[in-house]
Amino acid sequence: KLDHYDRLIIHPIESMVIKWTHQIRDVLKKDSSEPLLQGMNPGPETELDFWKARKANLLCVYEQLQTPGIRKMAKILEITESSYFPTFKASLQDVVGGGYDYTFC
């Protein structure tokens with residue numbers, strides 16, 4: 001069971017995980033067909049631009065999640081058996097393509 005000190009550390013980390021999860025979901029749910037659905041007549045270049053931007057966004061998120069500070073926060077969530085750890089881990093797996101079992105060291 002977590003003591004008061006542990007909760008003071010974990011609560012801000014869990015709050016960030018919630019925010020990151022929403023941001024990651026926003027990036028992942030964007031669809032290349034959005035311009036078409038909005039009545040525009042996009043060409044192939046629009047599609048290519050979409051996928052280039054998506055790759056850049058996901059790479060940026062991935063690189064941020066690889067920093068030592070973020071990895072340490074993830075490890076804290078894992079060790080303390082935070083209910084937010086599975087969500088954080090699933091979000092990272094979504095960023096790297098889903099099939100990768102990500103382990104924090």
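The following exercises, each with a worked solution, concern the helices, aromatic pairs, core and largest pocket of a predicted model.

Residues are numbered from 1 along each chain as its sequence is written, and side-chain values use heavy atoms, with hydrogens and water left out. In this predicted model, local features need pLDDT of at least 70 and side-chain atom pairs count only at pLDDT 80 or more, whereas totals for chains, interfaces and linings use all residues.

**Exercise 1. The chain as a whole**

State how many helices and strands the chain has, and what share of its residues counts as buried.

Solution. Helices (H or I, at least four residues) and strands (E, at least two) are DSSP runs, numbered from the N terminus. On this basis the chain has five helices and zero strands. Along the sequence, the pattern is α-α-α-α-α. Next, burial is considered: buried means under 20% relative accessible area, exposed over 50%, and partly exposed in between (1.4 Å probe, protein chains only). Of the 105 residues of the chain, 28% are buried.

**Exercise 2. Helix α3**

Compare the span of α3 with the expected span, and determine which side of the helix is buried.

Solution. The expected span of a helix is 1.5 Å times one less than its number of residues. Helix α3 covers residues 44–65, and its 22 residues should therefore span 32 Å; the end C-alpha atoms are 32 Å apart, in agreement. The buried residues in α3 are Phe 50, Arg 54, Leu 58, Val 61 and Leu 65. These residues lie on the same side of α3, because they cover an arc of only 60° around the axis. The arc is that of the directions from the helix axis to the C-beta atoms. A general rule applies here: an α-helix has 3.6 residues a turn, so residues three or four places apart point the same way. On the other side of α3, the exposed residues are Pro 44, Glu 45, Leu 48, Lys 52 and Lys 55. Leu 59 is also in α3 and is partly exposed, with a relative accessible area of 42%. The C-alpha atoms of Leu 59 and Val 96 are 8.7 Å apart, although 37 residues separate the two along the chain.

**Exercise 3. Helix α4 and the loop after it**

Describe the two sides of α4 and identify the unusual backbone angle that follows this helix.

Solution. With 12 residues, α4 reaches 16 Å from its first C-alpha to its last, close to the expected 16 Å. Its buried residues are Ile 70, Arg 71, Met 73, Ala 74 and Leu 77. Their arc around the axis is only 160°, which puts them on the same side of α4. On the other side of α4, Pro 68, Lys 72 and Ile 79 are exposed. The loop between α4 (68–79) and α5 contains Glu 81. Glu 81 has a positive phi of about 55° although it is not a glycine, and this residue is exposed, with a relative accessible area of 71%.

**Exercise 4. Aromatic pairs**

Find the aromatic pairs and classify each by the angle between its planes.

Solution. Rings of Phe, Tyr and Trp (its six-membered ring) pair if their centres lie within 6.5 Å; planes under 30 degrees apart count as stacked, over 60 as edge-to-face and the rest as tilted. A search of the whole structure gives two such pairs. One is the tilted pair of Trp 20 and Phe 88, with 5.9 Å centre to centre and 45° between the planes. Because Trp 20 lies in helix α1 (residues 4–29) and Phe 88 in helix α5 (residues 85–96), this pair ties together parts that are 68 residues apart in sequence. Trp 20 is buried at 19% relative accessibility, and Phe 88 is buried at 4%. Phe 50 and Trp 51 form an edge-to-face pair, with 4.9 Å centre to centre and 85° between the planes. Phe 50 is buried at 17%, whereas Trp 51 is partly exposed at 44%.

**Exercise 5. Core and pocket**

Determine which helices supply the largest nonpolar core and the lining of the largest pocket.

Solution. A nonpolar core is a set of buried Ala, Val, Leu, Ile, Met, Phe, Trp, Tyr and Cys residues joined through side-chain atoms within 4.5 Å. The largest has 17 residues, and those with the most contacts inside it are Trp 20, Leu 65, Ile 70, Leu 77 and Phe 88. At least two residues of this core come from each of α1, α3, α4 and α5, and α1 gives the most, with six residues.

For the second part, a 1 Å grid over the protein atoms alone is used: a pocket is an open set of points where a 1.4 Å probe fits, with protein on both sides within 12 Å along at least five of seven lines, and lining residues have an atom within 4 Å of a point. The largest pocket has a volume of about 160 Å³, a volume being the space filled by probe spheres set on the points. Its lining includes Trp 20, Leu 65 and Ile 70. α3 gives the most to this lining, with five residues.
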